[in-house]
Amino acid sequence: MLLFLNLFKNREAQKTVSRPSTKGPATPIQPKKTNEEVAKRKGEIGEYKIDIQLDQMPKKYRFLSDLLIENRKARSGYSQIDHVVITPSGVFVIETKNYQGTVYGGKGRKTWSVNGKFKMMNPFLQNYGHIQALKSLVGKQYHNQFISMVSFTKRSTFKAGVDYRKITSDELIVYDIELSEFVRRKVMAVKLQKRRPPLSENDISEIYQVFSKSNITDPKIREAHVHSLKNQKSKSASEQPMQCVVCKKVVSDKVKSFCLKNKKFEGKIYCYEHQKRSG
């Protein structure tokens, strides 16, 4: 009897060993994405939402996205323009921003800020450079037909003056989801002001062709341009004086180094007084 039981156990053990696993292959752990990769992905989503809106605009409108054109006045030698929409009522030059938080700014300021901390260049000054580069490609008869537009995502709130939301202005701030609506409203506003559209179908076609031919698609040049911008940003950041995150007092390099090496400060910079309080 014991012999029979042992034989039965051995057979059951063999079945257990030989039975194929019902589980699939182990899923490899995906590496955590860096902040730069996340920001890039969010930017791509934002651009995609705008492209969908541009595709739905009237057929007589023409648009281009991600233009890279020569600009001798720019540090890199080029201007990269997010979107250009050419309509009978004007040429919309659109700069897109992918920020999260409250954007503070105004027409008289060279720099704006996000949440009162992160500084950025006034986007309309940035777009002004883009528009000047585009104007250099076309005849003077078109120079008064440019409209500057800055688009933010709905993850941000802007406090930059009510004038930027007035449809009569040639400098407009919009959310990405309302971009096409503001273009439509601006076109209608121009129609009410003028008897005939400033730009004919031939004008629209001519401007589109000029911009399209001037667009640089060489990946090496585009990569060099992006690399140049990154170097400029890092250099600019290194030149800025470091401040205490609490009282905004400028601190020395020695204090900065001490704070960054001390884990309890979590990468933040404190002056001597606030170092004691934070501890």
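This is a short presentation on the sheet, the nonpolar cores and the salt bridges of one protein chain.

Good morning, colleagues. Please keep in mind throughout that the structure before you is a predicted model.

I begin with the chain as a whole. The protein chain contains eight helices and nine strands. Of its 279 residues, 35% are buried. Its accessible surface amounts to about 19200 Å², and carbon and sulfur atoms account for 53% of that surface. As for contacts, if one takes those between residues at least 6 apart in sequence, 56% join residues at least 24 apart.

Let me turn to the sheet. Four strands build an open sheet, and their order is β6-β5-β4-β8, with mixed pairing. The edges are formed by β6, residues 118-121, and β8, residues 156-159, each of which pairs on one side only. On average, neighbouring strands of this sheet are turned by 25 degrees against each other, direction ignored.

We may now walk through part of this sheet, strand by strand. Strand β4, residues 101-104, is joined to β5 by two bridges, and the two strands run antiparallel. Within that pair, V103 stands opposite V114 of β5. The connection from β4 to β5 is a hairpin through six residues.

Strand β5, residues 111-114, is in turn joined to β6 by four bridges, again in an antiparallel arrangement. Two of the facing positions are worth locating on your screens. V114 stands opposite F118 in β6, and T111 stands opposite M121 in β6. V114 therefore appears in both descriptions, and a general remark on pairing may help here: strands of a sheet pair through backbone hydrogen bonds, either parallel or antiparallel. The hairpin of β5 and β6 has three residues between the strands, and in it N115 takes a positive phi near 60 degrees.

Which helix packs on this sheet, and which strands does it touch? The answer is helix α3, residues 123-135, which touches β5 and β6. The direction of α3 makes about 25 degrees with that of β6.

Next, the nonpolar cores. The largest one holds 19 residues, and the members that touch the most other members are I86, V91, L134, F146, I207 and F211. Several elements each supply at least two residues to this core: β1 (62-70), β2 (78-87), β3 (90-97), α3 and α5 (201-214). Helix α5 gives the largest share, namely four residues. To take one member in detail, I207 touches I86, V91, V138, Y142 and L199, leaving aside residues up to four places away in sequence. Apart from this core lies another, of 17 residues, among them I50, F92, I167 and V187.

Finally, the charged pairs. Side chains of opposite charge can pair when their charged atoms come close. How many salt bridges does a search of the whole structure find? It finds six, and I shall discuss three of these.

In one of them, the side chains of R165 and E178 meet, with an N to O distance of 2.5 Å. R165 lies in the loop between β8 and β9 (171-175), and E178 lies in the loop between β9 and α4 (179-193), so the pair ties together parts that are 13 residues apart in sequence. Regarding exposure, R165 is partly exposed, at a relative accessible area of 30%. E178 counts as buried because its relative accessibility is 17%, and the limit for a buried residue is under 20%.

In another, K186 pairs with D170, and the closest N and O atoms are 3.2 Å apart. This pair links distant parts of the chain, with K186 in helix α4 and D170 in the loop between β8 and β9, 16 residues apart. Is K186 buried or exposed? K186 is buried, with a relative accessible area of 4%, whereas D170 counts as partly exposed at 43% relative accessibility.

The remaining pair for today is E181 with R184, whose side chains meet at 2.8 Å, N to O. Both residues lie in helix α4, three residues apart, about one turn of the helix. E181 is partly exposed, with a relative accessible area of 34%, and R184 also counts as partly exposed, at 45% relative accessibility.

That concludes my presentation; thank you for your attention.

Terms used
Residues are numbered from 1 along each chain as its sequence is written. This is a predicted model: local features need pLDDT of at least 70, side-chain atom pairs count only at pLDDT 80 or more; totals for chains, interfaces and linings use all residues. Side-chain values use heavy atoms; hydrogens and water are left out. Two strands pair if DSSP finds at least two bridges between them. Axes are lines fitted to C-alpha atoms, for helices over the stretch in contact, and angles run from 0 to 180 degrees between N-to-C directions. Contact means heavy atoms within 4.5 Å. Buried means under 20% relative accessible area, exposed over 50%, partly exposed in between (1.4 Å probe, protein chains only). Accessible areas come from the Shrake-Rupley method with a 1.4 Å probe; for residues, only the protein chains shown count as cover. A nonpolar core is a set of buried Ala, Val, Leu, Ile, Met, Phe, Trp, Tyr and Cys residues joined through side-chain atoms within 4.5 Å. A salt bridge is a side-chain nitrogen of Lys or Arg within 4 Å of a carboxyl oxygen of Asp or Glu.
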